[in-house]
Amino acid sequence: MCSSISNGTICCDRSSIRSDICIMKGDVRTHPASSSVFLYFSRETNGLVNYGKEEGDEELRHEKIRPYTRKWETSVMDAIGELGLSAKRVNYGIIRHHCDVWHDVPAVFFSTGGYTGNVYHEFNDGILPLYITSQHFNGKVVFVITEYHKWWILKYGDVLSQLSDYPAIDFNGDKRTHCFPEAIVGLRIHDELTVDSSLMEGNKSISDFRNLLDQAYWPRIRGLIQDEEREAQEKLKRKLSLFPTSLETSIKMEKEVQEDRSEKPKLLILSRNGSRAIVNENLLVKMAEEIGFEVTVLRPDPTTELARIYRTLNSSHVMVGVHGAAMTHFLFMRPGSVLIQVIPLGTVWAAETYFGEPARKFGLKYIGYEIVPKESSLYDKYEENDPVLKDPNSVNKKGWQYTKNIYLEGQNVRLDLSRFRKRLVRAYYYNIAKMIGRVHLQSQ
């Protein structure tokens with residue numbers, strides 16, 4: 001629906017359970033004071049176009065839309081500002097809303113409200129739908145944002161700059177009338193953390209989105225690398241000035257350390273604070289190192305620069321993490337890498353739906369590790385035959401609040417390391433085989 005419309009038309013597609021999309025084509029004008037977007041078109045008289053005065057406006061169509069991608073969730077959608085879309089025929093006189101700013105490219109209207117603040121929702125309900133909806137404009141599009149947050153613009157500025165050549169507009173905060181030749185109101189969404197190439201112009205896929213992230217973050221990453229190299233050189237110079245006779249030894253040691261590190265597959269542990277933490281994480285690190293991994297522990301928080309997270313994950317061969325929003329960062333890994341998701345009690349369906357299946361679509365080797373009751377902190381709180389331990393599905397059926405309170409906010413994990421070791425060994429030899437294969441190809 002709405003793939004091709006004529007000037008002076010509003011077309012709305014409300015067929016999806018996830019989001020509504022409306023397209024306006026013609027003389028599109030914002031009016032923040034009334035939370036409205038108007039589409040004007042004229043009556044022609046004697047070959048001349050005459051725009052109408054206020055009392056002469058004739059409203060032909062009016063639509064309402066909340067531009068957020070969780071249409072079925074009434075509780076969150078009620079907090080999303082509703083936009084009124086009106087198509088008006090104007091007669092004889094002057095048009096009501098004069099353009100303060102005229103744009104010669106289309107606009108995409110969307111909200112950064114709702115569950116913004118949770119990285120899963122920021123990507124699933126924001127960044128990926130924005131890519132799906134706007135990438136075909138090749139940057140020649142303006143983003144108009146309701147429930148605008150400056151921190152969100154700063155956090156995702158690198159990605160936004162790949163999708164739009166223009167600064168985003170705060171719909172509610174900018175009181176000027178902005179005028180566009182076309183507008184898309186709302187974002188299209190396909191499924192959890194993915195892009196359905198069959199629904200995309202040019203068959204774009206999740207791999208193309210990953211390439212866009214590369215383009216967004218590598219300029220900043222190159223700057224970080226240059227800064228670190230400069231600091232390392234200055235540090236080495238300071239050391240050598242204190243021990244000038246050890247120049248050759250120092251260079252040799254630096255080289256040996258770098259070579260030793262480069263030969264090992266890199267494993268990243270995505271660490272959690274609070275609920276669903278791995279309480280024996282230090283022993284997990286030790287075991288992974290004994291297997292042969294170079295281990296990094298990453299504890300991202302809302303202030304962590306995404307380019308830094310991207311750099312770390314982009315260079316990792318394996319990521320281990322407990323089910324939760326931070327697992328969204330698998331989008332920063334290279335296809336062909338390994339994702340090991342630790343699945344606490346009561347989260348099997350969510351873990352597979354939100355991360356397992358999307359990870360496989362993304363091209364990762366996915367390994368799910370379902371814990372047994374003895375690996376859960378809930379084992380110390382409930383009797384062995386309690387449904388919380390024996391039948392989590394029956395507990396989840398009682399409602400989201402039960403799932404949230406018991407399994408998401410009330411549970412930590414103590415890994416059975418001998419059991420978990422098998423997954424790490426599989427991941428290790430998988431990567432060693434890939435490295436040997438790459439070396440073999442290079443030597444031919």
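This presentation walks through a predicted model, from its nonpolar cores to its disulfides, strands and two residues with unusual backbone angles.

Good morning, colleagues. I shall begin with the interior. The largest nonpolar core has 59 residues, and those with the most contacts inside it are Phe-330, Leu-331 and Phe-332. Helix α2, residues 119-134, gives the most to this core, with eight residues. Where does this core lie with respect to domain 1 and domain 2? Domain 1 (9-41 + 57-189) and domain 2 (266-442) both give residues to the core, so it lies between them.

Leu-331 illustrates the packing. With its neighbours within four places in sequence left aside, Leu-331 is in contact with Phe-123, Leu-128, Leu-193, Ile-206, Phe-209, Arg-210, Leu-213 and Phe-362. Apart from this core lies another, of 33 residues, with Phe-293, Val-318, Val-320 and Leu-345 among them.

One of the contacts of Leu-331 deserves a second look, namely Leu-193. Leu-193 sits in the loop between β11 and α5 (206-242). Its phi is near 45 degrees, a positive value in a residue other than glycine. Most residues other than glycine have a negative phi. Asn-138 is a further case, with a positive phi of about 55 degrees although it is not a glycine. Asn-138 is found in the loop between α2 and β9 (142-146). Are these residues buried or exposed? Leu-193 is buried, at 0% relative accessible area, whereas Asn-138 is exposed, at 63%.

I turn now to the disulfides. How many does a search of the whole structure find? The search finds two. A disulfide is a covalent bond between the sulfur atoms of two cysteines.

One disulfide joins Cys-12 to Cys-22, with an S to S distance of 2.1 Å. The link of Cys-12 and Cys-22 has 110 degrees about the S-S bond and is right-handed. Cys-12 lies in strand β1 (residues 9-13) and Cys-22 in strand β2 (residues 21-31), so the pair ties together parts that are 10 residues apart in sequence. Cys-12 is buried, with a relative accessible area of 10%, and Cys-22 is buried with a value of 0%.

The other disulfide joins Cys-99 to Cys-179, with an S to S distance of 2.0 Å. Here the torsion about the S-S bond is about -105 degrees, so this disulfide is left-handed. The pair links distant parts of the chain, 80 residues apart: Cys-99 is in the loop between β6 (83-90) and β7 (101-102), and Cys-179 is in strand β11 (residues 178-185). At 30% relative accessibility, Cys-99 counts as partly exposed, while Cys-179, at 0%, counts as buried.

Next, the strands, beginning with β9. Five of the five residues of β9 are buried. In a regular strand the side chains alternate between the two faces of the sheet. In β9 both faces are covered: Val-142, Val-144 and Thr-146 are buried on one side, and Phe-143 and Ile-145 on the other. Which strand is joined to β9 by five bridges? That strand is β8 (residues 107-111), which runs parallel to β9, and the bridge partner of Ala-107 in β9 is Val-142. The chain crosses from β8 through α2 to β9 in a right-handed β-α-β crossover. Helix α2 in this crossover is also the helix that gives the most residues to the largest core. β9 pairs as well with strand β10 (residues 169-170), in the parallel sense over two bridges, and Val-144 has Ile-169 as its bridge partner in β10.

A second strand to consider is β12, residues 266-270. Four of its five residues are buried, so β12 is largely enclosed by the rest of the structure. Five bridges join β12 to strand β13 (residues 294-298), and these strands run parallel. Lys-266 has Glu-294 as its bridge partner in β13. Together, β12, helix α7 (residues 281-291) and β13 make a right-handed β-α-β unit. β12 is also joined to strand β14 (residues 318-322), by four bridges and again in parallel; Leu-270 stands opposite Gly-321 in β14.

I close with the loop between β12 and α7, where Ser-275 lies. Ser-275 is buried, with a relative accessible area of 18%, because buried means under 20%. Not counting residues up to four places away in sequence, Ser-275 touches Leu-408, Glu-409, Gln-411 and Asn-412.

Thank you for your attention.

Conventions. Residues numbered from 1 in each chain as written. Predicted model: local features only at pLDDT ≥ 70, side-chain atom pairs only at ≥ 80, totals over all residues. Heavy atoms only, no water. Core = buried A, V, L, I, M, F, W, Y, C linked by side-chain atoms within 4.5 Å. Buried < 20%, exposed > 50% of the residue type's maximum accessible area, 1.4 Å probe, protein only. Domains from an automatic or database assignment. Contact = heavy atoms within 4.5 Å. Disulfide = S-S within 2.5 Å. Pairing = 2+ DSSP bridges. Right-handed = clockwise from strand over helix to strand, strands pointing away.
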